[in-house]
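User: I would like to go through the reasoning behind some of the labels used for this structure, one label at a time. Please set each value against its criterion before concluding.

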Amino acid sequence: MHDVIIVGGGVIGLSIARELAGRGRSVLVLDRGNPRDATSWAAAGMLAPQSETDTPSPFFDLCLTSARLYPEWTKQLHEESGVDPEYADSGLLFVASTEDAMCRIRRNIEWQHSAGLTAELLSPEEALRLEPQLTLCLTGAALIREECHVTPRRLIEALTGACAVKGVEIRSGVRVVDVLHADGRAAGVRTSTEHFSSGYVVIASGVRSPEIGGLFPAIPVTSASCCGLPSSWPVARSSKRATREARRSFITQPAST
Ligand SMILES: Cc1cc2nc3c(=O)[nH]c(=O)nc-3n(C[C@H](O)[C@H](O)[C@H](O)COP(=O)(O)OP(=O)(O)OC[C@H]3O[C@@H](n4cnc5c(N)ncnc54)[C@H](O)[C@@H]3O)c2cc1C
């Protein structure tokens, strides 16, 4: 029997597993597939709370605090696993191709400045000087120097390696069907063929969590990323700096990674 069972081996499940194992807990991670099936494998890797937020909120504060932990955290993961998650503090270019999108960027920069955050408004020419391969017709942009990114697939590999070093047991191909309860609290999980007991159960199964018996409904969150698009596609082509356009597409890395 393990102290903690974690359902889901994406970035959230593995991060929690590593942290708990580092604090002396025995941890079992159960995942229905393998790391390449997780949303975390498909992510673009932007750590970009400022460019994703239109209003201040406690959630924004949480995201900002989390993003600021990444330099030290990814360094530790690199040391433990030998895999570099490729944390890069190259800033993010938030581009607009309509007047409406530019208004939104200006509004966001206003409240972010008043909250003590930095972001610079750029003219289309200034944005093009930073990213000469932009093919969008721009109305302007913002350069947010504090936004950064990682390479998600390397992050997952580094986390998997760090979990192994800390003694986390990871089992792939195990789909949890139900959370088991005893005396009003979680006591383990059930798959179609077996039971696993534990004192604590962490649900980190992402968008598929509502399929697990006995849980509250989840709130769906959507996102979009494009890799390896044809060169005629009107999006940002950037190899180093994360680039995004309001409510449209972004590219941070080539299709092969
Ligand atoms: C295209 C795309 C681009 C994105 N870009 C960004 C970005 O730039 N920046 C950013 O911050 N976020 C981005 N996101 C969002 C980010 O990827 C997710 O928020 C994050 O990966 C969620 O991690 P997770 O560990 O919660 O879930 P997941 O990575 O989905 O992991 C959940 C795991 O649970 C397993 N599982 C599910 N059900 C069960 C079950 N019943 N039993 C056992 N295992 C189960 C799955 O197999 C999976 O491995 C992007 C998402 C997408 C789709």
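User: In which strand does A96 lie?

Analyst: The model is a predicted one, and in it A96 belongs to strand β4, which covers residues 92-96.

User: What makes A96 count as buried or exposed?

Analyst: The criterion for a buried residue is 20 or more other C-beta atoms within 10 Å; A96 has 23 C-beta neighbours inside 10 Å, and therefore counts as buried. As for its surroundings, the C-alpha atoms of A96 and A142 are separated by 8.5 Å, although these residues are 46 residues apart along the chain.

User: How many helices and strands does the chain have, and what share of its residues is buried?

Analyst: The chain has 6 helices and 13 strands, and buried residues make up 37% of its 257 residues. Of the contacts with a separation of 6 or more, 69% are between residues 24 or more positions apart.

User: Why is α6 described as largely enclosed by the rest of the structure?

Analyst: The description rests on a count: 10 of the 14 residues of α6 are buried, so the helix is largely enclosed by the rest of the structure. The buried residues of α6 are P152, R153, R154, L155, I156, A158, L159, T160, A162 and C163, and what covers them includes α1 (11-22), α2 (39-42), α3 (58-81) and β8 (169-172).

User: How does the reach of α6 relate to the expected span?

Analyst: Helix α6, residues 152-165, reaches 20 Å from its first C-alpha to its last, which is close to the 20 Å expected for its 14 residues at 1.5 Å a residue. The helix is followed by G167, whose phi is positive, near 85°.

User: What does the corresponding comparison give for α1, and which of its residues are buried?

Analyst: With 12 residues, α1 reaches 16 Å from first to last C-alpha, close to the 16 Å expected at 1.5 Å a residue. Its buried residues are V11, G13, L14, A17, R18, L20 and A21, and their cover includes β1 (2-7), β2 (27-31), α2 and α6. Just after α1, G24 takes a positive phi of about 85°.

User: Why are α3 and α6 called oblique to each other?

Analyst: The two helices pack at an angle of about 60°, with their axes 8 Å apart. Angles under 35 degrees count as roughly parallel, over 145 as roughly antiparallel and 65 to 115 as roughly perpendicular, the rest being oblique; α3 and α6 are therefore oblique to each other. In this arrangement α3 passes α6 in a left-handed crossing.

User: Which residues of α3 and α6 meet?

Analyst: L77, H78, E80 and S81 in α3 meet A158, L159, G161, A162 and V165 in α6. The residues of this contact divide into 5 nonpolar, 3 polar and 1 charged.

User: What is the phi of E86, and why does this residue count as partly exposed?

Analyst: Phi of E86 is near 60°, a positive value in a residue other than glycine. Most residues other than glycine have a negative phi. E86 lies in the loop between α3 and β4, and its 18 other C-beta atoms within 10 Å place it between the limits of 12 or fewer for exposed and 20 or more for buried, so it is partly exposed.

User: How do you know whether D183 is buried or exposed?

Analyst: A residue is exposed at 12 or fewer neighbours; D183 has 5 C-beta neighbours inside 10 Å, and so counts as exposed. D183 lies in the loop between β9 (176-182) and β10 (185-191), and its phi, near 55°, is a positive value in a residue other than glycine.

Key
Residues numbered from 1 in each chain as written. Predicted model: local features only at pLDDT ≥ 70, side-chain atom pairs only at ≥ 80, totals over all residues. Helix = DSSP H or I, 4+ residues; strand = E, 2+ residues; numbered from the N terminus. Expected span 1.5 Å × (residues − 1). Contact = placed C-beta atoms within 7 Å. Axes fitted to C-alpha atoms, helices over the stretch in contact; angles between N-to-C directions. Left-handed = near helix turned anticlockwise from the far one by under 90°. Nonpolar A, V, L, I, M, F, W, Y, C, P; charged D, E, K, R; others polar.
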